[in-house]
Amino acid sequence: MQLPLIFWSLCSYALTLVSATALTYKLQPNEQACFFSNAPQQGSKLAFYFAVQSGGSFDVDYSVYGPRDKLIMEGSKERQGDFVFTAKEPGEYRFCFNNEMSTFAEKMVDFEIAVSRILSEGEEESNSSDS
């Protein structure tokens with residue numbers, strides 16, 4: 001009886017398309033830097049991870065905005081963060097780091113932004129576009 005459930009779980013996993021970007025960025029004193037990713041459809045999962053690797057007190061302010069500049073989450077003086085949320089609407093999402101609190105210390109920030117979506121019935125993975 002468990003076999004059909006396992007089969008359909010594996011099929012749904014195989015029909016999920018993930019696009020990810022992992023970067024290291026040197027955030028200058030008094031700088032705010034933003035990075036962008038597109039959620040192609042409502043219900044897409046967005047994952048956001050960051051860790052301050054060096055500089056000052058190893059902390060940074062962050063914020064995430066959805067389409068129409070709607071604030072989704074923010075934090076202050078964080079060393080790292082690991083978040084997953086569901087896009088309530090398709091569109092461009094903005095992930096920002098802010099080092100305006102520092103007047104002299106630059107920060108090295110490792111981060112990753114991943115977007116996953118479920119392929120529609122009949123849609124092939126090769127027809128999808130990553131940004």
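This passage describes the fold, the core, the disulfide and several individual residues of a predicted protein model.

The secondary structure of the predicted model comprises 1 helix and 8 strands, and along the sequence these elements follow the pattern α-β-β-β-β-β-β-β-β. Of the 131 residues in the protein, 36% are buried. Among contacts with a separation of 6 or more, 77% are accounted for by residues that stand 24 or more positions apart. The accessible surface of the protein amounts to about 8,300 Å², and 52% of this area belongs to carbon and sulfur atoms.

The interior was examined through its nonpolar side chains. The largest nonpolar core holds 21 residues, and those with the most contacts inside it are L46, F48, F50, F85, Y93, F95 and F97. At least two residues of this core are supplied by each of the strands β2 (32-39), β3 (45-54), β4 (60-65), β7 (91-98) and β8 (107-118). The surroundings of F50, one of the residues with the most contacts inside the core, can be listed in detail: when residues up to four places away in sequence are not counted, F50 touches V60, Y62, E78, R79, Q80, G81, F83, F97, V109, D110 and F111.

Aromatic rings were then considered as pairs, of which the count comes to 13. In one of these pairs, the rings of F48 and F50 have their centres 5.7 Å apart and their planes at 35 degrees, so the arrangement is tilted; both F48 and F50 are buried. A second pair is made by F85 and Y93, whose ring centres are 6.0 Å apart and whose planes lie at 50 degrees, so this pair is likewise tilted. Burial extends to both partners here, F85 and Y93. One aromatic cluster is formed by Y25, F35, F48, F50, Y62, F83, F95, F97 and F111, and the F48 and F50 rings described above are therefore paired with a tilt and are also members of this cluster. Apart from ring-to-ring pairs, a charged side chain is placed against an aromatic one, as R94 lies over the face of Y65 at 4.3 Å from the ring centre.

The structure holds 1 disulfide, which is formed by C34 and C96 with their sulfur atoms 2.1 Å apart. This pair links distant parts of the chain, given that C34 belongs to strand β2 and C96 to strand β7, 62 residues apart. The torsion about the S-S bond of C34 and C96 is about 105 degrees, so the disulfide is right-handed. The two cysteines were also assessed for their exposure: C34 has a relative accessibility of 26% and therefore counts as partly exposed, whereas C96 has a relative accessible area of 1% and is buried.

Strand β2 also contains N38, which counts as partly exposed because its relative accessibility is 36%. N38 and V115 are 77 residues apart in sequence, yet the distance between their C-alpha atoms is 7.7 Å.

Backbone geometry draws attention to the loop between β4 and β5 (71-78), where R68 has its place. Most residues other than glycine have a negative phi. R68, although not a glycine, has a positive phi of about 65 degrees, and D69, also not a glycine, has a positive phi of about 60 degrees. D69 lies in the loop between β4 and β5 as well. With regard to exposure, R68 has a relative accessibility of 70% and therefore counts as exposed, while D69, with a relative accessible area of 55%, is exposed too.

A further loop residue is M101, which is placed between β7 and β8 and counts as partly exposed at 33% relative accessibility. The C-alpha atoms of M101 and N30 are separated by 6.5 Å, although the two residues are 71 residues apart along the chain. With its neighbours within four places in sequence left aside, M101 is in contact with D59, V60, D61, K77 and K107. V60 is thus a contact of M101 and is also touched by the core residue F50.

Conventions. Residues numbered from 1 in each chain as written. Predicted model: local features only at pLDDT ≥ 70, side-chain atom pairs only at ≥ 80, totals over all residues. Heavy atoms only, no water. Core = buried A, V, L, I, M, F, W, Y, C linked by side-chain atoms within 4.5 Å. Buried < 20%, exposed > 50% of the residue type's maximum accessible area, 1.4 Å probe, protein only. Helix = DSSP H or I, 4+ residues; strand = E, 2+ residues; numbered from the N terminus. Contact = heavy atoms within 4.5 Å. Phe/Tyr/Trp six-rings, centres within 6.5 Å; stacked < 30°, edge-to-face > 60°. Lys NZ or Arg CZ within 6 Å of the ring centre and 35° of its normal. Disulfide = S-S within 2.5 Å. Areas by Shrake-Rupley, 256 points an atom, 1.4 Å probe, with all protein chains shown as cover.
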